[in-house]
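Visitor: Please pick a single part of this model and take me through it closely, then show me how it sits in the rest of the chain. I work at the bench, so plain numbers and cut-offs are welcome.

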Amino acid sequence: YNQFEIEMKDLQRIVDHDNRLREFMMIKSNERLDYKAAEEERRNKHGSSGEIARKQQKETIETYDRAFAKIQAITKEEDLNKIVTEFIKHEDENFALFQYVSELNNIAENLNDEIMALQHSIDNFDKEEISLEAEREVILKGLDSEIMHKKEEYDKAEKRLKEINKIL
């Protein structure tokens, strides 16, 4: 009985292995079929011998030739190397100008930030000045009131002194 179980387990392992191998082969087969279908579709799209690709390359070359002819007409220069050299020179100048403008923009932005900070400080000083002025006015009113009060006391005291001097 024990021997039978061992043989059954071995056979079951072999069957499982064969099943996994069969599944693996099916997956690979399907992938190859998908690849073949994609290849077939690409061939149909580009032509069996690449004639569509050659046609597209020819059209691209013709486009480049037309563009080059326009550039030659505009620059009135036949030598491609001179055209390229001039183009590179102008591009370098444009890049230098771009960098200069960027630098000026950065400086302007920094100056604007400083102006905003100064304006903020001025606004704070104005508010502080208004507050101090209000305090000064309150103090002055208090002092004026005190002066008036002291003046009244002085006038009363002087009046009393005159009355006392009359009595004496």
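**A close look at helix H3**

Guide: With 34% relative accessibility, Glu133 counts as partly exposed, a class lying between buried (under 20% relative accessible area) and exposed (over 50%), with a 1.4 Å probe and protein chains only. Before we go on, a word on the source: this is a predicted model, where local features need pLDDT of at least 70 and side-chain atom pairs count only at pLDDT 80 or more, while totals for chains, interfaces and linings use all residues. Residues are numbered from 1 along each chain as its sequence is written, and side-chain values use heavy atoms, with hydrogens and water left out.

Now back to Glu133. Its side chain meets that of Arg136 in a salt bridge, 2.8 Å from N to O; the term covers a side-chain nitrogen of Lys or Arg within 4 Å of a carboxyl oxygen of Asp or Glu. Arg136 is partly exposed too, with a relative accessible area of 43%. Because Arg136 and Glu133 are 3 residues apart in helix H3, about one helical turn separates them. An α-helix has 3.6 residues a turn, so residues three or four places apart point the same way. Side chains of opposite charge can pair when their charged atoms come close.

Next, the helix that holds this pair. H3 takes in residues 80-167; helices here are DSSP runs of H or I with at least four residues, strands are runs of E with at least two, and both are numbered from the N terminus. How does the span of H3 compare with 1.5 Å a residue? Its 88 residues should span 130 Å at that rate, and the end C-alpha atoms are 127 Å apart, which agrees. The expected span is 1.5 Å times one less than the number of residues. You can follow this on the screen with Lys156 and Val84, which are 72 residues apart in sequence and 106 Å apart in space, C-alpha to C-alpha. Lys156 is found in H3 and counts as exposed, at 61% relative accessibility.

At the N-terminal end of H3, Asp79 acts as a cap, with a side-chain oxygen 3.3 Å from the backbone nitrogen of Asn81. This falls under polar contacts, pairs of N or O atoms within 3.5 Å; within protein, one atom must be able to donate a hydrogen and the other to accept it, and residues adjacent in sequence count only if both atoms are side-chain atoms.

Another spot on H3 is nonpolar. Tyr100, Val101, Leu104, Ile107 and Leu111 make a surface patch of about 450 Å². Patches are built from residues with over 30% relative accessible area and no salt bridge, joining nonpolar side chains (Val, Leu, Ile, Met, Phe, Trp, Tyr) within 5 Å and like charges within 9 Å. Areas come from the Shrake-Rupley method with a 1.4 Å probe, and for residues only the protein chains shown count as cover. Val101 lies in H3 and is partly exposed at 43%. Ala96, also placed in H3, is partly exposed at 41%.

What comes before H3? The loop between H2 and H3 holds Lys76, which has a positive phi of about 55° although it is not a glycine. Most residues other than glycine have a negative phi. Lys76 is exposed, with a relative accessible area of 72%. Gln72, in helix H2, is buried at 16%, and its side chain reaches the backbone oxygen of Glu78 at 3.2 Å.

Finally, the wider frame. The protein has 3 helices and 0 strands, in the order α-α-α. Its C-alpha trace spans about 150 × 95 × 25 Å along the principal axes. The radius of gyration is 51 Å, whereas a compact globule of 168 residues would have one near 15 Å; this is taken over C-alpha atoms, and the globule rule is 2.2 Å times the number of residues to the power 0.38. Buried residues make up 3% of the 168.
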